[in-house]
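Subject: Handing over a structure, with notes on what was found

Dear colleague,

I am passing on the structure we spoke about, and I hope you will keep it open beside this message as you read. My notes come after it.

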Number of protein chains: 2
Amino acid sequence: MNERPLILITNDDGYQAPGLHHLTQLMKTLGDVVVISSEQTMSAMSHAITIKVPLVFRCLTDEVGFKEFVTNGTPADCVKLGLHKIVNRKPSLVVSGINHGSNSSINIIYSGTLAGALEAAMGGIPAIGFSIRDYSLQADFSYTDEHILHWSSFLLENNKPTLALNINFPKVNDGAYKGHKICRQAKAYWKEDFEERLDPRSGKPYYWLKGDFLLQDEGHDTDEWALNNYFVSVVPIQYDFTDFKTLELLSSNI
Amino acid sequence: MNERPLILITNDDGYQAPGLHHLTQLMKTLGDVVVISSEQTMSAMSHAITIKVPLVFRCLTDEVGFKEFVTNGTPADCVKLGLHKIVNRKPSLVVSGINHGSNSSINIIYSGTLAGALEAAMGGIPAIGFSIRDYSLQADFSYTDEHILHWSSFLLENNKPTLALNINFPKVNDGAYKGHKICRQAKAYWKEDFEERLDPRSGKPYYWLKGDFLLQDEGHDTDEWALNNYFVSVVPIQYDFTDFKTLELLSSNI
């Protein structure tokens, strides 16, 4: 039997997000599709998993070659549920997104979208997180298609379980992207500001997180440079936090 | 004025955790201390930040050289609040923990404790996450002191803003640790199992996340090996997710 590849899709903007639907339509042209996403938005949930309350899921669509599930979990939970509970064969690819808002540079560490991709990669499945530098729910995805199809096909054909990508699209108002750049994560930091407001009942202050993104990297080989210059940024990613340079220094000094 | 160094402390087990109190007592011997932790436990919250609801905090203790705050935020939020709202001079060190349960190997990616340390490191402050391989609230911390004081002093004296460590203590029932090992993050994966139960009212299933930890690494230079052999594991950590090997391969192929 010549089986179509199985592609699992998740996101962190919730199951109703236009970016998820756009990605789903594209993936249907490449294989059988299972979508597992969250009831609520899970932006900035990073790689959180749900351990204080149980997980539940329900099936929205059950067609030949296309199934959709909604859970109360985070993107990492969605992928765990998908791989170990819902699907009965190993997916050939896991894609996450398209996120409304970019996940370039240090934003990867806060991102639920990328956690979904990394959780798959940790399980030995090629994975891509897609994000667009446009928070609008009406974001124009029309230029993303060829890049999404190119990189998804590339991962499906190469079948390298360690290959995971963080792909970000710049915002373009007209015309297409200038192409893609294979690049590294730019060094950056969110210098936080907190907007203070007063609770109208108690008069006590509360705070909304409201930071400024400080790019600390002048390299032309970074995702931020690529996006600022209207290229699609493609960063190969991994999840080993070891700082090998410091490891060597500490080992030789002590 | 010969100012004592300022040390900021957080954790992910909540403000009442014995591990936090033990760490606080030790840090008081090294400098002025500000503790900012969460009202509730924040285990497995990873690097999540709070954006859907506002943050609030209240002061529990306000003494000369020692202040304690409790927030509704995650460990990453606690450090952001601490650095950008609560303290009025830059801390010389941020420590997180002592976590009840180890954060070695791949567990770092799920860990709120390590997110607290990494958030500080991202802001250019030396940081350490401490965890013990013992989930009990009655865990015996007595052997941790010399190692905690050694590494905290080391970071305070070296004042290297890029230095961040993930330090895990094995569980020992008697006798001390065998020493420490500077090591790398072991390759491992949680193969998830889901315990299915039925909601007594609706009869519908719900699931508790319940995985098996699969060590995929036979190296003797890893944190898992160190802990399994009763050494304290010391892993220098960083937060660049770029997979540079793959970056090179992709750049040369395309």
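What follows goes from the single chain to the pair of chains, then to two helices, and last to some points of backbone geometry. Please bear in mind throughout that this is a predicted model.

**The chain as a whole**

Chain A is built from 6 helices and 13 strands, and its C-alpha trace spans about 60 × 55 × 55 Å along the principal axes. A compact globule of 254 residues would have a radius of gyration near 18 Å, and the 19 Å found for chain A agrees with that. Of the 254 residues in chain A, 51% count as buried. If you look at contacts in chain A between residues at least 6 apart in sequence, you will find that 75% of them join residues at least 24 apart.

**How the two chains meet**

When chain A is laid on chain B, the RMSD is 0.0 Å, and the operation that does this is a turn of 180° with a shift of 0.0 Å along the axis. The two copies are thus related as by a two-fold rotation axis.

At the interface, 47 residues of chain A are in contact with 47 residues of chain B. On the side of chain A that touches chain B, at least two residues each come from α2 (75–86), β11 (205–209), β13 (232–236) and α6 (244–253). Sorted by character, the residues on this side of chain A are 29 nonpolar, 11 polar and 7 charged. Because 100% of the interface residues of chain A are also interface residues in chain B, the copies meet through the same surface.

One residue to look up here is B:M122, which is found in helix α3 (residues 112–122) of chain B. With 22 other C-beta atoms within 10 Å, B:M122 is buried, and, leaving aside neighbours within four places in sequence, it is in contact with A:I106, A:Y189 and B:Y239. B:M122 and B:V79 are 43 residues apart in sequence, while their C-alpha atoms are 11 Å apart in space.

**Two helices of chain B**

Helix α4 (residues 145–158) of chain B has 14 residues, which at 1.5 Å a residue should span 20 Å, and the 20 Å between its end C-alpha atoms agrees. Its buried residues are B:I148, B:W151, B:S152 and B:L155. Seen down the axis of α4(B), these buried residues fall within an arc of 100°, so they line one face of the helix. It may help to recall that an α-helix has 3.6 residues a turn, so residues three or four places apart point the same way. On the other side of α4(B), B:E157 and B:N158 are exposed. The buried residues of α4(B) pack against several elements of chain B, namely α1 (18–28), β5, β6 (127–132), β7 (164–169) and β13 (232–236). Just after α4(B) comes B:N159, whose phi is positive, near 50°.

In α1(B), the buried residues are B:G19, B:L20, B:H22, B:L23, B:L26 and B:M27. Viewed down the axis of α1(B), they fall within an arc of 165°, so they too line one face of their helix. The elements of chain B that cover the buried residues of α1(B) include β1 (6–10), β2 (32–38), β5, β6 and α4.

**Points of backbone geometry**

Most residues other than glycine have a negative phi, and most peptide bonds are trans. Where, then, are the peptide bonds that are cis? One of them runs from A:G97 to A:I98, with omega near -15°, and A:I98 has its place in strand β5 (residues 93–100) of chain A. In chain B, a cis peptide bond joins B:G97 and B:I98, with omega about -10°, and B:I98 lies in strand β5 (residues 93–100) of that chain.

Two residues of chain A other than glycine have a positive phi near 65°, and I will take them one at a time. A:A44, with phi near 65°, sits in the loop between β2 (32–38) and β3 (57–63), and with 21 C-beta neighbours inside 10 Å it counts as buried. A:Y230, with phi of about 65°, is found in the loop between α5 (223–228) and β13, and A:Y230 is partly exposed, with 15 other C-beta atoms within 10 Å.

With best wishes

Conventions:
Residues numbered from 1 in each chain as written. Chains lettered and ligands numbered in written order. Predicted model: local features only at pLDDT ≥ 70, side-chain atom pairs only at ≥ 80, totals over all residues. Least-squares fit on C-alpha atoms with pLDDT ≥ 70 in both. Contact = placed C-beta atoms within 7 Å. Helix = DSSP H or I, 4+ residues; strand = E, 2+ residues; numbered from the N terminus. Nonpolar A, V, L, I, M, F, W, Y, C, P; charged D, E, K, R; others polar. Buried ≥ 20, exposed ≤ 12 C-beta atoms within 10 Å, placed from the backbone. Rg over C-alpha atoms; globule rule 2.2 N^0.38 Å. Expected span 1.5 Å × (residues − 1). Arc of directions from axis to C-beta.
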